[in-house]
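Here is a short tour of one protein model, written to be read with the structure open beside you. Turn the view as you go, and pause wherever a side chain catches your eye.

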Amino acid sequence: MLSGFFLFILIVANYIGIRNTLFYAIMGIGGLWLAVLLSGVHATVAAVVAAFAIPSGKRINTPLFIRKAKLLLRDLNFLNKNYKGSKETEDKISITIEKFSSLADDATPPLHRLEHALHPFVSFIILPLFAFANSGVAISSDFFTSLISPVALGITTGLVIGKFLGIALFSHLMVAFKICRLPQTLNWKHIYGISLLGGMGFTMSLFITELAFSNELFLSQAKIGILTASLIAGLAGFLYLKLLLNKPESLVKPKTRMVKEPENVF
């Protein structure tokens, strides 16, 4: 009953034209999602239903946005050129910037803005916690003992080093045998970075682990090895590519020297 009430509010808000993303976030998460969760129904249903209730259309289309943006930009340039430190001109500049911000909101669907606002929180907090909670790894007093067990060390080494060597060497072989070639915008340093990231494993690694081990102790050690390898590979790949991208000159492919053909003298 309560979840239906919050859903009704979201639908009415969409119908009358409310486009404030904070309103939909509060009503969708603090209202509908919480009510469905407390009712015993899986909360994923609430998220899907709430997404349908959030406006996904623009208030103004792109051509109109461009025309209005050009007018505001012209006014802003005029005010900036004639700005001499006066309080009146400064207030006009602030009002023009606020109009530009409001115009950008009208040209962007609330659902799109909410999705982008939640993306870092979901990607770096919610998903890792969800993955760790569903992996079935128990943090107990013998966690570090399991971390250095032969099973965990073998899986960690296989994922971090084995995946790196496998991806990098196989890529070299494909290029050497002319089965494929690197794109113009990539070089081997990029491939090495991706090879490092290839050591991250979760879904298929855990699935294969469930098939490979029936012993609960080995199963737990294997899962710890998978999570450890994913952490090491993810950090190593990120830091390597981050360092690489901070040095643009290292990404430039050497230009092949063009040999000038001799002119025909006959």
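## Charged pairs along a helix

Being four residues apart in helix α5, E88 and K92 are separated by about one helical turn. An α-helix has 3.6 residues a turn, so residues three or four places apart point the same way. E88 and K92 form a salt bridge, with their closest N and O atoms 3.7 Å apart. E88 counts as exposed at 54% relative accessibility, while K92 is partly exposed with a relative accessible area of 41%.

A similar arrangement involves D91 and K87, which also lie in helix α5, four residues apart, or about one turn of the helix. Their side chains meet in a salt bridge of 2.9 Å, N to O. Here K87 is exposed, with a relative accessible area of 56%, and D91 counts as partly exposed at 32%.

Please keep in mind that this is a predicted model. Its salt bridges come to five in number, and the table sets out three of them.

| Salt bridge | Closest N and O atoms |
|---|---|
| D91 and K87 | 2.9 Å |
| D106 and R59 | 3.5 Å |
| E88 and K92 | 3.7 Å |

## A bridge between distant parts of the chain

What does the salt bridge between D106 and R59 tie together? D106 lies in helix α5 (residues 87-106) and R59 in the loop between α3 (44-53) and α4 (62-81), so the pair links parts that are 47 residues apart in sequence. D106 is buried, with a relative accessible area of 18%, whereas R59 counts as partly exposed at 48%.

Another arginine belongs in this picture. R19 is found in the loop between α1 (2-16) and α2 (21-39). Which side chain of opposite charge is nearest to R19? That is D106, 4.8 Å away. A salt bridge needs a side-chain nitrogen of Lys or Arg within 4 Å of a carboxyl oxygen, so this distance does not qualify, and R19 is buried without a salt bridge. The side chain of R19 does reach the backbone oxygen of T108, at 3.3 Å. Leaving aside neighbours within four places in sequence, the contacts of R19 include Y24, P55, R59, D105, D106, P109 and R113. Both partners of the D106 and R59 bridge are therefore among the residues that R19 touches, heavy atoms within 4.5 Å being what counts as contact.

## Aromatic pairs

A search of the whole structure finds four aromatic pairs. One of them joins F5 and F6, edge-to-face, at 5.7 Å centre to centre and with 65 degrees between the planes. The rings of F23 and Y24 have centres 5.3 Å apart and planes at 80 degrees, so this pair is edge-to-face as well.

How exposed or buried are the residues of these pairs? F5 counts as partly exposed at 45% relative accessibility, and F6 as buried at 17%. F23 counts as partly exposed at 25%, while Y24 is buried, with a relative accessible area of 2%. Y24 is also one of the contacts of R19.

## Two helices further along

Helix α9 (residues 188-197) has H190, I191, G193, S195 and L196 buried. These buried residues pack against α8 (150-176) and α11 (216-245). At the N-terminal end of α9, N187 acts as a cap: a side-chain oxygen lies 3.0 Å from the backbone nitrogen of K189.

Next comes T209, whose place is in helix α10 (residues 203-212). T209 counts as buried at 5% relative accessibility. Not counting residues up to four places away in sequence, T209 touches L219, A222 and I226.

## Stepping back

How many helices and strands does the protein have? There are eleven helices and zero strands. The radius of gyration is 28 Å, whereas a compact globule of 266 residues would have one near 18 Å. Along the principal axes, the C-alpha atoms fill a box of roughly 90 × 70 × 40 Å. Buried residues make up 27% of the 266 residues. Among contacts between residues at least 6 apart in sequence, 71% join residues at least 24 apart.

Note on methods. Residues numbered from 1 in each chain as written. Heavy atoms only, no water. Phe/Tyr/Trp six-rings, centres within 6.5 Å; stacked < 30°, edge-to-face > 60°. Buried < 20%, exposed > 50% of the residue type's maximum accessible area, 1.4 Å probe, protein only. Helix = DSSP H or I, 4+ residues; strand = E, 2+ residues; numbered from the N terminus. Lys, Arg positive; Asp, Glu negative; His and termini not counted. Polar contact = N/O pair within 3.5 Å; in protein donor to acceptor, adjacent residues only side chain to side chain. Rg over C-alpha atoms; globule rule 2.2 N^0.38 Å.
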